[in-house]
Amino acid sequence: MPVTPAALPLDHLLARAEAVLGRLEAILPPPLPPVDWQDAVAFRWRKRQGRNGLQAVYQPHPIRLADLEHIDDQKARIVGNTRQFIAGQPANNVLLTGARGCGKSSLVKAVLNEFSASGLRLIEVDKDDLVDLADIVELVAERSERFIIFCDDLSFEAGETAYKALKSVLDGSVAAPPDNVLIYATSNRRHLMPEYFSENLESTRVDDEIHPGEATEEKISLSERFGLWLSFYPFSQDDYLAIARHWLSHFGVDEKTIAGCEREALNWALGRGSRSGRVAWQFARDLAGRRKKPAARKK
């Protein structure tokens, strides 16, 4: 007759339970170490196999505001907003939208580098982890530092619900948002969600929606919760070449080479189908890498 758990001595049951827990702990990832807010200025929210927490970024992107050219208006507005935030004055959540590769994400990283010495910190959160936004905000609400929660390349497809967590933190929760937290998000979509021509037809039936116009309002209501919108546009040919020259100089290419590479830079952009800051930076890296002499090997 098999022995049932009820028939086993209590000590034996406890020993078996401890053995099972020991095996489970062996396969689970270790918990993230406690956050040292003075040890880094940038952090990532990480979730792995049921464990989540903040992970320090010890080598944040070094880009500076001076490296970002031909977006002077966007720079001035986000710097002014961030300066107000650092000073404890009212400031807005920021949505940066528009053409790809024109400096949206780089501008947020440059703002961190500009104001980190004044107490600014950045927490990067992936779209899939937006459901944890309330926990992240609660974690930093009592800190003396000022926090930007950074959501990069943000967009939502039809049927996704994670955007509700973002709406709640931005403006829609019963709890007031803390004064030391702002959300800066980038997106290629102005309203963060797909829009269809059919949604503009109030009298047209759209996926059995009785009031399709209300579906449009729901989508627009998310982007409207960002108080400051910054739009980015494709660069002109002259702007693109100026950015390429800046990065070539940054990578140590000599002036004679820079002056003679205009056609090569344009062909590079033509092959990528875009004249953007990112494409100019990639071209400069390629040319600088090809021009740089390899270090001599030690015998």
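This passage walks through a predicted model of one protein chain, from its overall make-up to a few local details.

Starting with the broad picture, the chain has 299 residues, and buried ones make up 40% of them. Its secondary structure comes to 10 helices and 7 strands. Among contacts with a separation of 6 or more, 74% are between residues 24 or more positions apart. As for the outside, about 18,000 Å² of the chain is exposed, and carbon and sulfur atoms supply 50% of that area.

One spot on that outside is worth a look at the start of the chain. Here L10, L13 and L14 make a nonpolar surface patch of about 270 Å². L14 belongs to helix α1, which covers residues 10-27. With a relative accessibility of 46%, L14 counts as partly exposed, because that value falls between the 20% and 50% cut-offs.

Helix α9 gives a fuller story. Which of its residues are buried? In α9 these are A265, L266, W268 and A269. Looking down the helix axis, the buried residues fall within an arc of 155°, so they line one face of α9. A general point about helices fits in here: an α-helix has 3.6 residues a turn, so residues three or four places apart point the same way. The buried residues of α9 pack against two other helices, α7 (237-250) and α10 (277-291). On the other side of α9 the picture flips, with R263, L270 and G271 exposed.

The end of this helix has a few details of its own. Helix α9 runs over residues 262-272, and R272 is part of it. R272 is partly exposed, at a relative accessible area of 43%. Setting aside neighbours within four places in sequence, R272 is in contact with R100 and V279. Just after α9 comes G273, which takes a positive phi of about 70°.

Next come the charged pairs. Side chains of opposite charge can pair when their charged atoms come close. In this model the count of salt bridges comes to 4. One of them joins the side chains of E264 and R290, with 2.6 Å from N to O. This pair ties together distant parts of the chain, as E264 sits in helix α9 and R290 in helix α10, 26 residues apart. Both partners are partly exposed: E264 has 33% relative accessibility, and R290 has 49%.

R290 also takes part in another salt bridge, this time with D286, at 2.9 Å from N to O. R290 and D286 are 4 residues apart in helix α10, so about one helical turn separates them. D286 is partly exposed too, with a relative accessible area of 27%. Put together, E264, D286 and R290 are linked in a network of salt bridges.

Elsewhere, E145 and R143 form a salt bridge through their side chains, at 2.9 Å from N to O. How buried or exposed are these two partners? E145 is buried at 6% relative accessibility, whereas R143 is partly exposed, with a relative accessible area of 31%.

What about cysteines? A disulfide is a covalent bond between the sulfur atoms of two cysteines. The structure holds 0 disulfides. C102 is buried, with a relative accessible area of 3%. C261 is buried as well, and its relative accessible area is 6%.

Finally, the backbone has a couple of unusual-looking spots to check in the loops. H70 has a phi near 65°, a positive value in a residue other than glycine. H70 lies in the loop between β2 (51-57) and α2 (72-86), and it is partly exposed, with a relative accessible area of 37%. D153 is not a glycine either, yet its phi is positive, at about 55°. The loop that holds D153 lies between β5 (146-151) and α5 (163-172). At 52% relative accessibility, D153 counts as exposed, because the cut-off for that label is over 50%.

Key. Residues numbered from 1 in each chain as written. Predicted model: local features only at pLDDT ≥ 70, side-chain atom pairs only at ≥ 80, totals over all residues. Heavy atoms only, no water. Patch = residues over 30% accessible without salt bridge, like charges linked within 9 Å, V, L, I, M, F, W, Y side chains within 5 Å. Areas by Shrake-Rupley, 256 points an atom, 1.4 Å probe, with all protein chains shown as cover. Buried < 20%, exposed > 50% of the residue type's maximum accessible area, 1.4 Å probe, protein only. Contact = heavy atoms within 4.5 Å. Arc of directions from axis to C-beta. Disulfide = S-S within 2.5 Å.
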